[in-house]
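Subject: Structure for your review

Dear colleague,

Please find the structure below, followed by an account of what was found in it.

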Amino acid sequence: MIFAIEEINQNPAILPNHTLGYKIYNSCGKGNIMKSAIDLANGQREIIDERNCTKADTAQAVLGHSGSAPTVAFARIVGRFQLPVLSHFATCACLSNREEFPSFFRTIPSDLHQSRALAKLVKHFGWTWVGAISNKNNYGTNGIAAFIQAAQEEGVCIEYYQAFEQTGPLHQLTKVVETVKHSTSKVIVAFMSHREVNVLATELYRQNITGLQFVGSDAWITDPSLTDSEGHSILVGSLGFVVSKAQIPGLEEHLRRLHPAQFQDSQFVKDFWEDTFDCTLNETANTQRKPCSGLESMQNVESYFTDVSELRFTNNVYKSVYAVAHALHNLVTCKQGKGPFEDQGCADAKHIQPWQVLHYLENVDFTTSQGERVTFDRNGDSPARYELVNVQHVNSDTVHVATVGVFDASLPRERQIIMNEVKIVWGGGSHTVPVSVCSESCHAGKRKVLQKGKPVCCYDCIPCAEGDFSNITDSLECFKCPTDYWPNTRGDTCILKEIEFLSYAETMGIILTLFCLMGVIFTTMIALVFFHFRETPIVRANNSELSFLLLFSLTLCFLCSLTFMGRPSEWSCMLRHTAFGITFVLCISCVLGKTIVVLMAFRATLPGSNMMKWFGPAQQRLSVLGFTLIQVVICILWLTINPPFPFKNMEHYKEKIILECALGSTVGFWAVLGYIGLLAGLCFVLAFLARKLPDNFNEAKLITFSMLIFCAVWITFIPAYVSSPGKFTVAVEIFAILGSSYGLLFCIFIPKCFVILLRPEQNTKNNIMGKTKYKY
């Protein structure tokens, strides 16, 4: 403080023509501190010299105290006089209450920020199950209460909270140690002074309670007195936040110029000097030490007093002095008509009032020579920025502390803690991050279920239900996958559902395609045989025109089964059902025509019958065309009103999508099938009636057997079609088409080809007319 005041008095840019003075009250105990504060607020006017230069009626500002409890005691009273109070170390959040402490400022962040920073630190390392210990005063209880609230907001659970005082009864400390001993958490957040920490560490060490990770407040984390503790090894690895270090140029030289002659009334300086140089300043004192020569100097002495490498709280004192100086500078350099007071007036520099200094101090905003900005918010608090330090080594002489990161409250919440590359030593000297959780994390694919009667950090992990997933750790719930997606086997992500349809590339598709093509080849070969032997009696006698038309329609039937394979599209869905319906009606119409021809031919052989003239070639063609046109009309109506369309069936299987053709109008579909069934049934009945006609080569027998197979296949198709899942539905439909087509092809044409190719001697008019009996 003295160094900063002297530096300001020598700086012509700050308070020109004014000199700052000071008065130090080195009082211990709350009573003396209160008396000192009242003396400062109630100073008397005093003549300095004959030029009528006077001291101010009262002090312009009070710097101190370092402790929160004493500061609370006197700042509440001094605040009534509107006398500014600036502390470099009183961190209690309670002092931010402007109604109780209207004139309080501090150059150290409030414990509220530190408590929140500690909660974020605990969360940062994944410690969700921690213990909390504080001392029993405003600093400890308020700080730990703010930490507990912030920790709960961060999702951290407090297993226990205990408080004790170093000067309190022994059972308090015993209770704390027993609680720590029987707890499952490995992290202790200690919001207390160095005195309580030393006592606690010693007792834990005596009871061999190790493996703990301490997280500490700035009141003890860098305190050199940690070396006094018998259990200081337990504190190795401790983490905590402290105010940032700073360099103050010239301070070391100032300290090294210290001499007892400068402070003749200071007992502290006398004791320090005698202890440092092992001499006595009082020659009459009865002591073993030699008298001081007066030539002793601090210039070459290395001691804690001259060590300026860790200027943390010292820098806060430096900033406090400069804050007051800048406030007074702004006050005395105010220009009338631009002032902040009534009628834009300024303060009287010769009669400065404390409330005027208070106003300027509230609005002070400057940057130190080290580049650090100094300002206060509406509660008198400084911006919150801390260094994260790690106690890496403690022995009986020194504490080695390393800066491993920073906390900056001005940054976005998720980036307020910034770690650097310095390696951290963990609790007990371990090199691995300790684990302190009530329950292990639930991995993706599972969700948390709270354990009854326990905090939210204690839970069980259960797998997501079928169709649900969770892709984050410690998820509270599982989520449904989008419609086209399904969870993978681990349940931690959604993947596209397997799409199922009857493909040409799969085994079943290849087999069915081969049977389709074989059917086309067989039909083509039979057609070639019939065409080559078209003039032979067996071909001519069996209505060659209808036979060729039937072979053509069977070829279309085999080919239309291919439209049922492959990925369904709008056109393929419409084509497959209509092509199937029309080609099959064409086929059955031809068979029906041949059956009617057989019946008419038999009737024509009866005496006086002229039936064949009513069912000649022209009538046969018209009947086939007429029967087929009816099916065409049904298909056109179906496609016009409500046609088939591609459809994603997600109901049958949850984990995959069946691509199929929806029928559109079920009435249209069953009308098409029903019409085919009607013609097939009619054809079967007529062929059955004609099966025993006396012709030697009676085609009605072949038609009867073929239609029996046809009807059996399609009657079996209906329940199989309804009950088959996915692509097997299409396979059943293709199988029905192929089965009925092969039945017609083999039953009607193979016997004739057998005679044509292997028994040509039976392919004569006499045999056809029934002159000779033969079997085939």
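A crossing is left-handed if the near helix is turned anticlockwise from the far one by less than a right angle, and right-handed if clockwise. This is a predicted model, in which local features need pLDDT of at least 70 and side-chain atom pairs count only at pLDDT 80 or more, while totals for chains, interfaces and linings use all residues. Residues are numbered from 1 along each chain as its sequence is written, and side-chain values use heavy atoms, with hydrogens and water left out.

The crossing of α4 and α5 is right-handed. Helix α4 (residues 111-124) packs against helix α5 (residues 138-153) at an angle of about 45 degrees, and their axes are 8 Å apart. That angle makes α4 oblique to α5 (neither under 35, over 145, nor 65 to 115 degrees). Contact (heavy atoms within 4.5 Å) involves, among others, Leu112, Leu118 and Val122 of α4 and Tyr139, Phe147 and Ala150 of α5.

The largest nonpolar core (buried Ala, Val, Leu, Ile, Met, Phe, Trp, Tyr and Cys residues joined through side-chain atoms within 4.5 Å; buried means under 20% relative accessible area, with a 1.4 Å probe and protein chains only) has 70 residues. Those with the most contacts inside this core are Phe580, Met707, Phe710, Trp714, Leu744 and Phe749. Helix α19 (727-758) is among the elements that give two or more residues to the core, and α19 gives the most, with 15 residues.

Leaving aside neighbours within four places in sequence, Phe710 is in contact with Phe584, Ile588, Ile676, Ala680, Ser740 and Leu744. Apart from this core lies another, of 37 residues, including Leu86, Leu251, Tyr318 and Leu358.

Yours sincerely

Methods. Axes fitted to C-alpha atoms, helices over the stretch in contact; angles between N-to-C directions. Helix = DSSP H or I, 4+ residues; strand = E, 2+ residues; numbered from the N terminus. Buried < 20%, exposed > 50% of the residue type's maximum accessible area, 1.4 Å probe, protein only.
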